[in-house]
Amino acid sequence: MAPAHVDLVFVHGLFSSAKVWKTFERLISTDPELSGWVSVHCFQYPSPVFRLRLDRGITEIDDIADQLGTYLETELAEATSIVLVTHSQGGLIVQRFLARKLSNGEGRDLARIRRFTMFSCPNTGSGFFLTARKSLKFWRHPQERQLRPFDRAVTESQRIVLGGVVHAHNFSDKECPIHIEAYGGNSDNVVHPVVARGVFPSGGVVDGDHFSIVQPADHSANAYIKVRDALKSAAHPRAATRADTNPDHAPPPGQQQGGHTVSPPFAKLEGTLKGNERISLVASVLSRASPRKVHVLAGLGGTGKSRLALEIANRARQADRKVWWVSVSQLNSCMRTIATELGVPEGQMTRAWMGEGSAPDLVWRMLNASRRPWLLVLDNADDPKQLGPRDGQVSDGTGWLREPATDHGLVVVTSRVRNQDTWGLWSKVHHVSPLGEDDGASMLLERTGGVGGTNEQARLLSAELGGLPLALRAAADFVKAVSGNKVSLLDGCVTDFDSYRKALKRRFESPPGTRARGLDELLGREIVEKVYGIALDLLVRQGLPQAAPALKVLACLNIAPIPFRCLVNGPALRESPLFPDASSAQCEAVLQGLVDLVLVDAHEREDVADPVLSHVLTLHPVVHGILRDDEDVRHRRTDYYGLAVRMLLNATKDKDPDIPTNWPLWTAIAPHAREVSRACLLGTVPLADRSVVVAALELTRLTARFLIAGGLLGPAQDLSLPVVANCASFRFHENDRELLALRHEKGRIALERQDLEAAEEELRQVVAARTRILGEDDADTLASRHKLARAIHEQGQWEEAERMLRPIVAAENKVRGPDHSDTLVVRHTLARAMLNLGRPEEAEAEAREILEIMLRDNWPPPHSEMLFVRETLARSLLAQKRAEEADAEITGALRDSAQPPESPLMMRLRYTLAKVLLGLGHAPEGLRELEDLLADRLRVSPSSPLLKDVETWAQDTRRYMSDPNQWPPAKN
């Protein structure tokens, strides 16, 4: 059959013209295979380096894309079969053209475009001389800017093209299957081959650098052969012009299915397979003892599922199995090629593919009849419906994926979906996890040839990247490329594993929505697209458009496990503009969708009893890190952070952070509260909504209280002090009541650290400001007055402290009531003043009354204030020579405490225990306790006033043990 006429359109690149295609035109005109049925056209557009005339600008890519559309509509109005071939930026122009047509609902207009081949297209951005290009302050070239790595408009165009063209099912307003191939030059230093391939599944590497790749020497040059093959495929009656995977959907007239290669891409096998788990998995799949014949390799994009499948295919080939490799994006065409190889007659095959019978039934009858052992690999089955029957599920086993009915057959599927129900019980789902630190380090060292740094540096970088093979390869290639050079990135240079890791860490630790400029070159767009972009598109097609904002909200939290149930149960989610009218069922479906595609990982913590807290989600570090630079979060920071803050506040509502029974919740929430608080209050761009800032300040205060209560004074200080110091950056004054609440906690931290002068100074200022704003007897003012009295008391000014405390107790009785916790806390400080003033009987009576109220009101025994009161009671008893009673009280308090041994409260309890032991005459035991306490105190807080007391008691005890007549004068 004579070939149909084909119109070939060449599109040049940046700073180029139609002249670049002269060699191709000459070769085509002298090729006898193409004679008479190929017409060559060159789409020309302006791409100058500069415009000298001020009245003329440089055309932007969107306008060039529209200009291409006009060209095809006018100059090629009669063309029925078009092939597009591009160089460099030309590929981005065609992608933008396709994306804009699909976005406008004009997908059917693209049906006459049969093939699209790109050479050296900067699909993930060109880093060539990027620093120099950016540094030209007076040069603003709209075309050059979209060649930069990670350009957002290019990413969006590729996302549309992948969904609506590469992975298209049908011809419709929003879809048009076109076969796309992307090729890089093996010596191209402007657009690396990995960048040129980008996110497109078809293509490869051909001879040439960035310029010679489109200057083939003769008809045997592989770049020319690829163009000729594209032309012949478009002209042939069975041209492969669509990626439709529905066997019952007949293509438009003249667009019958064509064949694609089904040979495994063994050339992509690089290095040895890493990871003992992966090596064992390969062996188990190929084992004849395995009860399953269908194996699904499921995991996050970039975890190396295809590499695993290729290893299995290679070993199967070595064992003399026939191996077929099917890219699911070209499922129909590939399966037709398999049918041909299995000997299906052409007529029977054509009728089945046209809908007269079942193409899957036909192919599987032949597979099951084959006597030679075989392996079928179905690669990138991210949308399992493509493998199922038209009106059913893939788990039915009646579509393209089935369980072999012969012992000779074996099927391996790679997919992001790991839900066992999706694949059916007749399939074995293997979760492909990222590599461990050592295996990731081996990959880095081998791929760089050891030029990137030491083994330990490689391990640290592997851990930072979470062992994701795709990211590890990108890191290794980057480090190898800059070896011996210095690539400046914002505030440093990248030369090796260590500097790469530090640059990456700065990016990953920046709050979402705050661009860490200069670090985008570290992670190419290919990683972004493969790791989460494609998966989010799949969820949108599954009717879950909320998946993207949900993932971004999770990324606003800490990398720590997320107790999602207590976060999504409140009203915050459905009240957010990000999730209008979100129901519980929708939220559950979104979370399940994210889990199924491994964008988040769900697991149960065995060390947590509460089911609300034990079920947690985690994000892979690369997913979490990628979203730190998300444009949507950057533009809608108030919406995202407003939701994050309100979810955390709802989860902790009525959960007093000072009460130990609430500590499991606060332990789970605190890392996320600290992360969100810092992002809201210390970010580079202030939040526009004041109510979100106020909510973030409250979250900061509550979190600081929890940290103080648990004795974590360092983290409490790291959280609250920068917020107070930088309050002007989010338009607050240090004497605003919201900041006074945090300054109160700042004073408490100084008080617990025994930095008493600093505590007194801060609290005096807070008391003065709160008295002026709220009044002398306001509850918040009374709280600060009490802490100020404590600071004075701890400095040994007991008389003054008692004078201050008595009116506070009276006011608390009036404002809060005699049994309120705040009233009891103030009464306890008064009891301590009585004790230090030499009135232990009064102190004992006060302490017992306080404890009686606490027990009556069901205070939990581990409550820090309750333990503190028991320590005061023990000291009161010891001062009255009742050492046995004091021992019972203090040992009971230590037994009930849930705080770490080095916390301030525990050290106080241990100090009292040592004095009780000495009071009982147990000098060796008391000295041992004092020495242990001294060691801990030196390590945790060497400047503590308590340290001097402990040293004095230890020295006096040693003297007493050598000479009993030298008992210290402060023995009481």
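**View 1. Valine 296, a buried residue of strand E7 in this predicted model.** Valine 296 counts as buried because its relative accessibility is 0%, and its place in the chain is strand E7, which covers residues 294-298. Setting aside residues up to four places away in sequence, valine 296 touches Val413, Ser415, Val417, Trp423, Ser427, Lys428, Val429 and His430. One of these partners, tryptophan 423, is 127 residues from valine 296 in sequence, although the two C-alpha atoms are 8.1 Å apart in space. Contacts between residues that are far apart in the sequence can be followed through the whole chain: of the contacts with a separation of 6 or more, 71% join residues 24 or more positions apart.

**View 2. The whole chain, as a setting for the close-ups.** The secondary structure comes to 41 helices and 15 strands. The chain has 972 residues, and 58% of them are buried. It exposes about 39,600 Å², and carbon and sulfur atoms supply 50% of that area.

**View 3. Helix H36 and the helices that its buried residues pack against.** Helix H36 runs over residues 840-856, and its 17 residues should span 24 Å at 1.5 Å a residue, which agrees with the 24 Å between its end C-alpha atoms. The buried residues of H36 are Pro840, Ala843, Glu844, Glu846, Ala847, Ile850, Leu851, Ile853 and Met854, and these pack against helix H35 (821-836) and helix H37 (864-879). When reading such a list, it helps to remember that an α-helix has 3.6 residues a turn, so residues three or four places apart point the same way. Just after H36, asparagine 858 takes a positive phi of about 65°.

**View 4. The crossing of helices H35 and H36.** The axes of H35 and H36 come within 8 Å and cross at roughly 160°, and because an angle over 145 degrees counts as roughly antiparallel, the two helices are described in that way. The crossing in which H35 passes H36 is left-handed. On the H35 side, the residues that meet H36 are Leu824, Arg827, His828, Ala831, Met834 and Leu835, while on the H36 side they are Pro840, Glu842, Ala843, Glu846, Glu849, Ile850, Ile853 and Met854.

**View 5. The crossing of helices H9 and H10.** Helix H9 (residues 276-286) and helix H10 (residues 305-318) have axes that come within 10 Å and cross at roughly 50°, and H9 and H10 are therefore oblique to each other. H9 passes H10 in a right-handed crossing, whereas the crossing of H35 past H36 is left-handed. Arg278, Val282, Val285 and Leu286 in H9 meet Leu308, Glu311, Ile312, Arg315 and Ala316 in H10.

**View 6. Helix H29, largely enclosed by the rest of the structure.** Helix H29 has 20 residues (690-709), which at 1.5 Å a residue should span 28 Å, and this agrees with the 29 Å between its end C-alpha atoms. Of these 20 residues, 16 are buried, so H29 is largely enclosed by the rest of the structure. Glycine 711 follows H29 and has a positive phi, near 80°.

**View 7. Histidine 744 and arginine 748 in helix H31.** Histidine 744 lies in helix H31, and arginine 748 is found in the helix too, within its residues 737-752. Histidine 744 counts as buried at 7% relative accessibility, and arginine 748 counts as buried at 12%. Apart from neighbours within four places in sequence, histidine 744 is in contact with Leu763, Val766, Arg770, Ala783, Ser784 and Lys787, and arginine 748 is in contact with Asp658, Arg705, Ile708 and Lys787. Lys787 is thus a contact of histidine 744 and also of arginine 748.

**View 8. Serine 120 and lysine 881, two loop residues with a positive phi.** Most residues other than glycine have a negative phi. Serine 120 is not a glycine, yet it has a positive phi of about 50°, and its place is in the loop between strand E4 (113-119) and helix H4 (130-135). Lysine 881 has a phi near 70°, again a positive value in a residue other than glycine, and it lies in the loop between H37 and helix H38 (883-896). Serine 120 counts as buried because its relative accessibility is 0%, whereas lysine 881 is exposed, with a relative accessible area of 58%.

Definitions and conventions: Residues are numbered from 1 along each chain as its sequence is written. This is a predicted model: local features need pLDDT of at least 70, side-chain atom pairs count only at pLDDT 80 or more; totals for chains, interfaces and linings use all residues. Side-chain values use heavy atoms; hydrogens and water are left out. Helices (H or I, at least four residues) and strands (E, at least two) are DSSP runs, numbered from the N terminus. Buried means under 20% relative accessible area, exposed over 50%, partly exposed in between (1.4 Å probe, protein chains only). Contact means heavy atoms within 4.5 Å. Accessible areas come from the Shrake-Rupley method with a 1.4 Å probe; for residues, only the protein chains shown count as cover. The expected span of a helix is 1.5 Å times one less than its number of residues. Axes are lines fitted to C-alpha atoms, for helices over the stretch in contact, and angles run from 0 to 180 degrees between N-to-C directions. Angles under 35 degrees count as roughly parallel, over 145 as roughly antiparallel, 65 to 115 as roughly perpendicular and the rest as oblique. A crossing is left-handed if the near helix is turned anticlockwise from the far one by less than a right angle, and right-handed if clockwise.
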